[in-house]
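Please open the model in a viewer and keep a selection tool at hand. The tour below proceeds stop by stop, stating what to select and what is found there.

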Amino acid sequence: MKTTRFGVSMDDELLARLDLHVRRKKYPNRSEAIRDLARAALVEEEWSSAKKEVIGVLVIVYDHRMRELSSRMLEKEHGHHGEIVTTLHLHLDHDTCLEAKVIRGKPGAVRRIADELITMKGVKYGRLIPATVGKRLR
Ligand code: NI
């Protein structure tokens with residue numbers, strides 16, 4: 001892919017903060033940092049569009065002893081078998097489980113499925129991490 005160099009004007013204060021960001025994250029240079037910032041903005045835009053396909057990772061921590069939580073959760077997941085692509089399960093200790101579920105679909109559907117699972121009784125922690133199918137990012 002062709003790369004174009006272009007000049008960016010920025011006030012000194014913003015540039016100083018950008019350079020601090022570059023150093024903190026250990027970017028090799030400003031360009032790499034700016035490319036990541038641009039991609040992050042584009043992913044955010046994908047999630048704000050109703051029509052684009054997105055992918056996200058739902059992380060939940062729950063108590064599997066909670067009455068029928070595992071089977072109720074499994075039932076919900078079968079209801080969304082087209083969107084929930086995979087699940088990784090970790091037994092953290094005797095009672096606590098951590099799961100990472102990859103959910104793919106339109107942003108609204110992905111958020112709805114994540115919320116359905118996060119709000120279940122017995123789920124102690126839940127966060128949806130927005131990602132991208134990467135089609136528009138190089
Ligand atoms: Ni477990």
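How far apart do the C-alpha centres of domain 1 and domain 2 lie? In this predicted model, the two centres are separated by 31 Å. To see the division, colour residues 12-48 as domain 1 and residues 54-131 as domain 2.

**Stop 1: the helices and the loop between them**

Select helix H1, residues 12-25, and helix H2, residues 30-48. In the loop between H1 and H2, pick out Lys26. Its phi is positive, at about 60 degrees, although Lys26 is not a glycine. For context, most residues other than glycine have a negative phi. Is Lys26 buried or exposed? Lys26 is exposed, because its relative accessible area of 70% is over the 50% cut-off.

Move next to Asp36, which lies in helix H2. With a relative accessibility of 30%, Asp36 counts as partly exposed. A distance label drawn from the C-alpha of Asp36 to that of Pro107 should read 21 Å, for a pair 71 residues apart in sequence.

**Stop 2: the largest pocket**

Display the surface and locate the largest pocket, whose volume is about 650 Å³. Which residues lie nearest its centre? They are Thr4, Phe6, Ser31, Ile34 and Arg35, out of a lining of 20 residues. H1 and H2 each supply at least two residues of this lining, and H2 gives the most, with seven. Colouring the lining by class gives nine nonpolar, five polar and six charged residues.

**Stop 3: strand S1 and its partner**

Now select strand S1, residues 54-63, and within this strand Val57. S1 and S3 run antiparallel and are joined by 10 bridges. Which residue of S3 is the bridge partner of Val57? The partner is Val102. A second distance to display is that from Val57 to Ala100: their C-alpha atoms are separated by 6.3 Å, although the two residues are 43 apart along the chain. Val57 counts as partly exposed, because its relative accessibility of 26% falls between the 20% and 50% cut-offs.

**Stop 4: the loop after S1, and helix H3**

Follow the chain to Glu68, in the loop between S1 and helix H3, the latter spanning residues 69-79. Glu68 has a positive phi of about 55 degrees and is not a glycine. Within helix H3, select His78. His78 is exposed, with a relative accessible area of 56%. From the C-alpha of His78 to that of Leu58 the separation is 16 Å, for residues 20 apart along the chain.

**Stop 5: strands S2 and S3**

Select strand S2, residues 84-91, together with strand S3, residues 96-105; the two pair in the antiparallel sense over seven bridges. How many residues make up the hairpin connection from S2 to S3? The hairpin joins the two strands through four residues. Two cross-strand pairs are worth labelling: Leu90 stands opposite Leu98 in S3, and Thr87 stands opposite Lys101 in S3. When the side chains are shown, a general pattern helps in reading the view: in a regular strand the side chains alternate between the two faces of the sheet.

Why is S3 described as largely enclosed by the rest of the structure? Seven of its 10 residues are buried, so the strand is largely enclosed.

**Stop 6: the nickel ion**

Finally, centre the view on the nickel ion. Which protein atoms are its donors? The donors are NE2 of His89, ND1 of His91 and SG of Cys97, lying 2.1 to 2.3 Å from the ion. Along the chain, these donors follow the spacing H-x1-H-x5-C.

The accessibility of two of the donors may be compared by colouring. His91 is exposed, with a relative accessible area of 66%, whereas Cys97 is buried, with a relative accessible area of 3%. The assignment for Cys97 follows because 3% is under the 20% cut-off for buried residues.

Notes. Residues numbered from 1 in each chain as written. Predicted model: local features only at pLDDT ≥ 70, side-chain atom pairs only at ≥ 80, totals over all residues. Heavy atoms only, no water. Pairing = 2+ DSSP bridges. Donors = N, O, S within 2.8 Å, 3.2 Å for Na, K, Ca; no water. Buried < 20%, exposed > 50% of the residue type's maximum accessible area, 1.4 Å probe, protein only. 1 Å grid on protein atoms, 1.4 Å probe; cavity = no way out; pocket = protein on both sides within 12 Å on 5 of 7 lines; lining within 4 Å. Points joined across faces, edges and corners; volume = space filled by probe spheres on them. Nonpolar A, V, L, I, M, F, W, Y, C, P; charged D, E, K, R; others polar. Domains from an automatic or database assignment.
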